[in-house]
Amino acid sequence: MPVEVVLGTQWGDEGKGKLVDIISQGIDICARCAGGNNAGHTIVVPMGPNGEKTMLDFHLLPCGLVNPTCVGLIGSGVVVHVPSFFAELEKLESKGLNCQGRLLLSDRAHLVFDFHQIVDGLKEVELGGKSIGTTKKGIGPAYSSKASRSGLRVHHLFDDTFAEKFRKIVEGRFKRYGYFEYDTEAEIERYKGLAARLKPYVVDAVSYMHASLQANKRILVEGANALMLDIDYGTYPFVTSSNTAIGGVCTGLAIPPKQIGRIIGVIKAYTTRVGGGPFPSEQLNEIGTTLQEVGHEYGTTTGRKRRCGWLDLVVLKYSTMINGYDVLNLTKLDVLDGLEEIKVAVKYKIDDKELDGFPADLDLLGRVTVEYVTLPGWKTDISKIRTFESLPEKCREYVEFIENFLGVKMGWIGVGPSRDAMITR
């Protein structure tokens, strides 16, 4: 059975978790392929005997776990901070989500240690005014260790040479950044206990994934971050440290490309990003403030305010070229309900000449003039609407404008935060 994939199309925070939650109701396995606990999904689901609406935050664990029969797999391409793994699991279980026996972790996944998080902060200080604005979760330094072949993977926790290897890595960081406060021996002891707790979750994810494919299990891959944060295709260096595009699905989970089926792109009805980096359609004005406040645009992982702007179809065209979306999910359309008019970015120009695509050169990107199309707002509360045909005409026109520009249909339209606030077409 072909593997389904849900990917972010912009700079993250598009609302992927809600769609993953909905689709996972009919899925056997929900898998993460890249990133770490720098990602963040917030979903609102009915919990307990009375079906009370409960907000669940996922950072490292696959949010398909909300389905009580779905197995969550953290793949080899993910970097894992083990204390955060258990803290997140305990928080979810305290809210009534039972994950017993259905959460798995690849033995090939690389480990994030506390010293990676310390180094993350030190690297940001080094960059000064050109800081990237990372979550300081140690993700970048962990991927750097992986790329330089000096990292430790999950299976190393069960190796007699773990302590020796760990000491060597920490000494290397002291040489690079100078001595910083860090109790190496206490950390080694802590990880002995964590390793024993972690062992029941650890699997050979390559064998597990291919046995599942052969058994025709229904598999959903939950993308983290988004295309514009991809290490190769995003607004480098203001990106994350992994491949967040479709290629990362294959490498992070050992899924052959021919096994990939439907690729679903999730689009927020406007644009946001967190941290530094270019943002051509950003609105540093009343519109930006309105989108931020009405959309509750604060990071799930960091609590930071998100920068807000108009929908950018130049970004989305570029994203579609790379990921090849089969269908789209438009989210948070209701946030635009109160606007008199809505602008959509359709072209980038330099000296009145239209650029052919999305530029790699950030200096060039910083000089572009954005050309917008202005569409009328609908000035109607759409949060209770559940069919496309029932949406106001101007609202439908906005959706269709996006579809026609990108050449991809909307399969789902989000009109509120709860699971049922979704129009399916």
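**Helix α1, strand β7 and their surroundings**

Helix α1, which spans residues 16-23, has seven of its eight residues buried, so this helix is largely enclosed by the rest of the structure. The structure described here is a predicted model. The buried residues of α1 are K16, G17, K18, L19, V20, D21 and I23. The loop between β1 (3-8) and α1 contains D13, a residue other than glycine whose phi nevertheless takes a positive value, near 60°. With a relative accessible area of 23%, D13 is partly exposed, since the range for that class begins where buried, defined as under 20%, ends. D13 also belongs to a network of salt bridges in which K268, E297, R306 and K332 are the other linked residues.

Helix α1 is also one of the elements that contribute to the second largest pocket, for α1, β3 (41-47) and β4 (52-58) each supply at least two residues of its lining. The space in this second largest pocket amounts to about 730 Å³. Its lining is made up of 29 residues, of which T42, G295, H296, K332 and P417 are the closest to the centre of the pocket. K332, listed among these closest residues, is at the same time a member of the salt-bridge network that includes D13. Strand β3 provides the largest share of the lining, namely four residues. When the lining residues are sorted by class, 12 are polar, nine are charged and eight are nonpolar.

Attention may next be turned to strand β7. In this strand, L103 and L105 point one way whereas L104 and S106 point the other way, and all of these residues are buried. Strand β7 pairs in the parallel sense with strand β5 (residues 71-74), over three bridges, and in this part of the structure G72 stands opposite L103 of β7. A parallel pairing is likewise found between β7 and β9, here over two bridges, with S106 standing opposite V203 in β9.

The loops that follow β7 and β9 are themselves joined through side chains. R108 and D204 meet in a salt bridge with a distance of 3.2 Å from N to O. Because R108 lies in the loop between β7 (103-106) and β8 (110-111), and D204 in the loop between β9 (202-203) and α7 (205-214), this pair ties together parts that are 96 residues apart in sequence. R108 is partly exposed, its relative accessible area being 33%, and D204 is also partly exposed, at 32%. The side chain of R108 takes part in a further salt bridge, with D107, at 3.7 Å from N to O. D107 has a relative accessibility of 19% and therefore counts as buried, the limit for that class being under 20%.

These contacts belong to a wider set, as a search of the whole structure finds 24 salt bridges. Another example is the pair formed by D159 and K165, whose side chains meet at 3.9 Å from N to O, a distance that falls within the 4 Å required of a salt bridge. D159 is partly exposed, with a relative accessible area of 32%, and K165 counts as partly exposed with a relative accessibility of 32%.

Two further features of the backbone may be recorded. The peptide bond that leads from Y236 to P237 is cis, with omega near 10°, and P237 is placed in the loop between β10 (219-222) and α8 (246-253). A positive phi, of about 50°, is found at D351 although this residue is not a glycine. D351 is situated in the loop between β16 (341-350) and β17 (353-354), and with a relative accessible area of 71% D351 is exposed, whereas D13, for which a positive phi was noted above, is partly exposed.

Methods: Residues are numbered from 1 along each chain as its sequence is written. This is a predicted model: local features need pLDDT of at least 70, side-chain atom pairs count only at pLDDT 80 or more; totals for chains, interfaces and linings use all residues. Side-chain values use heavy atoms; hydrogens and water are left out. Buried means under 20% relative accessible area, exposed over 50%, partly exposed in between (1.4 Å probe, protein chains only). Two strands pair if DSSP finds at least two bridges between them. On a 1 Å grid over the protein atoms alone, a cavity is a set of points where a 1.4 Å probe fits but cannot get out, and a pocket is an open set with protein on both sides within 12 Å along at least five of seven lines; lining residues have an atom within 4 Å of a point. Grid points are joined across faces, edges and corners, and a volume is the space filled by probe spheres set on the points. Ala, Val, Leu, Ile, Met, Phe, Trp, Tyr, Cys and Pro count as nonpolar, Asp, Glu, Lys and Arg as charged, and the others, Gly among them, as polar.
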